[in-house]
Amino acid sequence: MKTEQNIILDFSHIYPEDIERQVKGLKRIDLTDISGTDMYCTEEAAAEIRKRLAPYSPCGIHFLDSGNYHYATKFFIEKIREPFALVLYDNHSDMQPPEFPGMISCGDWAGDVVCTNPCLEQLILAGPEQKTIDEIPSEFYKKLVCISREEIEEKRVHEKIPLIDMDLPIYISIDKDVLDRNSARTNWNQGEMPFPVLEGLLLEVFEHQRVIGADICGECSLLEPFRELMEDEEINKIINDRLYHFLNDCLRTSRNFSTGFEKT
């Protein structure tokens, strides 16, 4: 049986060095020695990441580093062995046509899992502008439910609820670039969603469906100027803490789920 574990996938050393001492039960998996991972993931790198994640289940809360590594969601959800839905909060669709055959990337991984994951029944994408949604290739539409930034801002999310299969358990993936810059700082262009709006959307999910696990990406870049980096890291530390505790509380409440991930 695979272990339920709250995990940091450390691709770039963006997370604090002492995070494991600050947060009880958190396990860091150092992936910085694997080449071929930044934005694009080679077959060799994917094989090594899978090897290091082999002991762990898709349950729990997983931090994935910056948006350059959002494709790592794929490695968690491919462990799910029952029909499920993926709920993706993102400022981008992550369904661009692949540039390099044989490699997944941060820009095309969601389209890849729609086409290749046999247990994925639905992908609910929430957050991109409507013009971004309109650019999604038509072959993904059969499994796709999209909720645009405009529909969220106009409080029209309820119009999409009949399209969602509420009987499916779900896995949640959050790219913090869906949030406004008061809430998070990422290495990609960002949306305009305040954190309380994301909280409300997440609560709706937890109230109606069983949640298997969740991941969070969207850290800033270590290549930023020092003063900007310090400011951005402080903002992200706050939002990571809020997201973790919010998700952890919801998971425990919804299915008496204990992650062993508590702040000391």
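1. In this predicted model, strand β5 (residues 60–63) and strand β11 (residues 211–217) run parallel and are joined by 4 bridges. Within this pairing, His62 is the residue that stands opposite Asp215 in β11, which gives a convenient place to begin when following the sheet on the screen.

2. The two strands belong to an open sheet of 8 strands with parallel pairing, whose order reads β3-β1-β5-β11-β10-β6-β8-β9. At the edges stand β3 (26–30) and β9 (144–147), and because each has a single partner strand, one side of each is left without a neighbour in the sheet. On average, and with direction ignored, neighbouring strands of this sheet are turned by 15 degrees against each other.

3. Strand β10 (170–175) deserves a paragraph of its own. On one side, β10 pairs with β6 in the parallel sense over 5 bridges, and the bridge partner of Ala85 in β10 is Ile170. The pairing of β10 with β11 is likewise parallel and is made by 6 bridges, with Ile172 standing opposite Ala214 in β11.

4. How many of the residues of β10 are buried? The count is 6 of 6, so the strand is described as mostly covered. The cover extends to both faces, since Ile170, Ile172 and Ile174 on one side are buried, as are Tyr171, Ser173 and Asp175 on the other; a reader who looks at the side chains will therefore find isoleucines on one face, and a tyrosine, a serine and an aspartate on the opposite one, with relative accessible area under 20% for each.

5. Helix α7 (residues 195–208) lies across β6, β10 and β11, and its direction is at about 170 degrees to that of β10. Together, β10, α7 and β11 make a β-α-β unit, and this unit is right-handed.

6. Turning to the aromatic side chains, the count comes to 6 aromatic pairs, where rings pair if their centres lie within 6.5 Å. One of them is formed by Tyr40 and Phe100, with 5.3 Å from centre to centre and 75 degrees between the planes, which makes the pair edge-to-face. This pair links distant parts of the chain, 60 residues apart: Tyr40 is in strand β4 (residues 40–41), whereas Phe100 is in the loop between β6 (84–89) and β7 (104–105). Tyr40 has a relative accessibility of 25% and so counts as partly exposed, and Phe100, at 40%, also counts as partly exposed. Elsewhere, ring pairs link Phe11, Tyr69, Tyr71 and Phe75 into a cluster.

7. Two backbone positions should be checked by eye. Most residues other than glycine have a negative phi. His13, which is not a glycine, nevertheless has a positive phi of about 65 degrees; this residue is placed in the loop between β1 (6–10) and α1 (19–22), and with a relative accessibility of 45% His13 counts as partly exposed. Lys155 is not a glycine either, and has a positive phi of about 55 degrees.

8. Is Lys155 buried or exposed? Its relative accessibility is 68%, and Lys155 therefore counts as exposed. The place of Lys155 is in the loop between α6 (149–153) and β10.

Key: Residues are numbered from 1 along each chain as its sequence is written. This is a predicted model: local features need pLDDT of at least 70, side-chain atom pairs count only at pLDDT 80 or more; totals for chains, interfaces and linings use all residues. Side-chain values use heavy atoms; hydrogens and water are left out. Rings of Phe, Tyr and Trp (its six-membered ring) pair if their centres lie within 6.5 Å; planes under 30 degrees apart count as stacked, over 60 as edge-to-face and the rest as tilted. Buried means under 20% relative accessible area, exposed over 50%, partly exposed in between (1.4 Å probe, protein chains only). Two strands pair if DSSP finds at least two bridges between them. Axes are lines fitted to C-alpha atoms, for helices over the stretch in contact, and angles run from 0 to 180 degrees between N-to-C directions. Contact means heavy atoms within 4.5 Å. A crossover is right-handed if, with the strands pointing away from the viewer, the path from the first strand over the helix to the second runs clockwise.
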